[in-house]
Amino acid sequence: MYQKIHAQVVIIGSGPAGYSAAFRSADLGLDTVLIERYDKLGGVCLNVGCIPSKALLHIAKVIKEAKELDITGVSFNQPLIDIEKIKLWKENIINKLTNSLSNMRKKRKIRIFQGNAIFDTDKSIIVQSKEDKFTVFFDNAIIATGSKPIKIPSIPYDDQRIWDSSDALSLRMIPNRFLIVGGGIIGLEMATIYSALGSKVDIIDRFKHFMPALDKDITDLYIKSINQRFNLMLNTHIDNIESRETGLLVNMITNDFDKKNISYDAILVAIGRTPNLDLLGLEKIGLKINNFGFIQVDDQLRTNIPHIYAIGDVTGTPMLAHKGVHEGHIAAEVIFGKKHYFEPKVIPSIAYTEPEIAWVGLNEKQAKKEKIDYEIAIFPWSASGRAIVSNCQIGMTKLLFNKKDSKIIGGSIIGTNAGELIGEVALAIEMGCDAEDLALTIHAHPTLYESIGLSAEIFQGTVTDLLNVKCNK
């Protein structure tokens, strides 16, 4: 039977952005409908992205730390990898979190419909499921359909040994030789996982510079730290792949002339992501897409159609769950009538590798581009008591200050738990802190986070944990 449904707010997509928008809308008393094409809430992030990857990265970190304890006089046997048990553990984590989301949805009395959504008009959406087809009429809509992996046209994806990130996280097998195409965050995290599980991993990337969004001193330290675990080949691209019974023979070219032929058991393509927009019928309602293929929104997340909003990956970079969550809250609050805006000063980014890399605000390249007279302050973790006793002294905390007013404008941290430490830097930038605010905030000792206060002391010229080059100035 054909149904007609009405809602004050309809959200398409139930990833972190979508479910956050739905929950906030319901909490504000708005009659809310959530449309999701899969049978579980949480989107890519919870089901085949952020959460399962962090679960496997935890395993990789423990394996690495156990091996490194040899130098202390404590040794363990080689780990026994039970891939089926790991998969079950990972799935139990996902199920626990998705069930929690489902319970919160029910308690908030949010109606949910499973199926593919397509705009019929700018006030109605047709939902098509396997069993049913119906129309949702709405006062306001929020598009939160997320993103999908970018594919390379020349690669034979019909071969089951060629993976995207979802395939890699499903743990189909642990390949003896594993090629990762793309040296971004996803590629590096998968390299961290599979090298710990026993794969010999190569990463290739078209760029001449590794992670060009970061400063070279950060990336140089990272490359130094991973040399014994996996191989990174820059300025390299695939010319051809031959699917053979014994493996995937990859013809690759480095530096435009150096050719190599290497056989791999599996290949992961992780060159980036693109928004899920092609099946929504946006062209039918005249919704604007920008030159980069993302939905164009203003600082209240409105599209060019005032009662239709867009949040999360579909709005562009950075394509991060925490950005989408905040956008979801703002969109719901604007619909409710609050005069709120999405205008963060900074959004932190993290590569959950080992060591982790975290950054927020401006780096040196950006500061130079903006013609800011800046000064850097670096505290090396080789001088941190906590890092030394924790066997994680390969790391650094790097802060950027505007010399004009001594305010902090950016920071990068590489090292164990860098993703947790970067929060103080992000808060300091949002609050407009200067170096003195950080330096005079008493940080607990011995900790890794005290490296932030010590970096500020370096800028201030008050540091005593290192030779103070400013003490006579």
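N417 is partly exposed, with 30% relative accessible area. That makes a handy way into this predicted model, as N417 also has a backbone quirk: its phi is positive, about 65°, although the residue is not a glycine. You'll find N417 in the loop between β22 (408–415) and α12 (418–430).

K371 is another one to look at. Its phi is near 60°, again a positive value in a residue other than glycine. K371 sits in the loop between α10 (364–369) and β20 (374–380). With 76% relative accessibility, K371 counts as exposed, because the cut-off for that label is over 50%.

Why bother pointing these out? Most residues other than glycine have a negative phi, and most peptide bonds are trans. On the peptide-bond side, there are two cis bonds to check, one from E354 to P355 and one joining H445 and P446. Here are the four spots together:

| Site | Backbone value | Loop |
|---|---|---|
| K371 | phi near 60° | between α10 (364–369) and β20 (374–380) |
| N417 | phi about 65° | between β22 (408–415) and α12 (418–430) |
| E354 to P355 | cis, omega near 5° | P355 between β18 (349–351) and β19 (356–361) |
| H445 and P446 | cis, omega about 0° | P446 between α13 (435–439) and α14 (450–460) |

Now zoom out to the domains. The assignment splits the chain into domain 1 (4–149 + 274–336), domain 2 (162–271) and domain 3 (348–460). Domain 1 is written as two segments, and the range of domain 2 falls between them in the numbering.

How far apart are the C-alpha centres of domain 1 and domain 2? They lie 28 Å apart. Where the two domains meet, 17 residues of domain 1 are in contact with 15 residues of domain 2. Together they bury about 1400 Å², with 75% of that on carbon and sulfur atoms. L56, L57 and I83 do a good share of the work on the domain 1 side: they supply 31% of the area it buries against domain 2, more than any other three residues.

There is some polar chemistry here too. The interface has one salt bridge: K54 pairs with E189, and the closest N and O atoms are 3.3 Å apart. Three residue pairs are in polar contact across the same interface.

On the domain 1 side, α3 (50–68) and α4 (83–107) are the elements that give two or more residues to the surface touching domain 2. The largest share, nine residues, comes from α3. By type, that side divides into eleven nonpolar, two polar and four charged residues.

Technical notes:
Residues numbered from 1 in each chain as written. Predicted model: local features only at pLDDT ≥ 70, side-chain atom pairs only at ≥ 80, totals over all residues. Heavy atoms only, no water. Domains from an automatic or database assignment. Contact = heavy atoms within 4.5 Å. Buried area = accessible area lost by both parts, 1.4 Å probe. Salt bridge = Lys/Arg side-chain N within 4 Å of Asp/Glu carboxyl O. Polar contact = N/O pair within 3.5 Å; in protein donor to acceptor, adjacent residues only side chain to side chain. Helix = DSSP H or I, 4+ residues; strand = E, 2+ residues; numbered from the N terminus. Nonpolar A, V, L, I, M, F, W, Y, C, P; charged D, E, K, R; others polar. Buried < 20%, exposed > 50% of the residue type's maximum accessible area, 1.4 Å probe, protein only.
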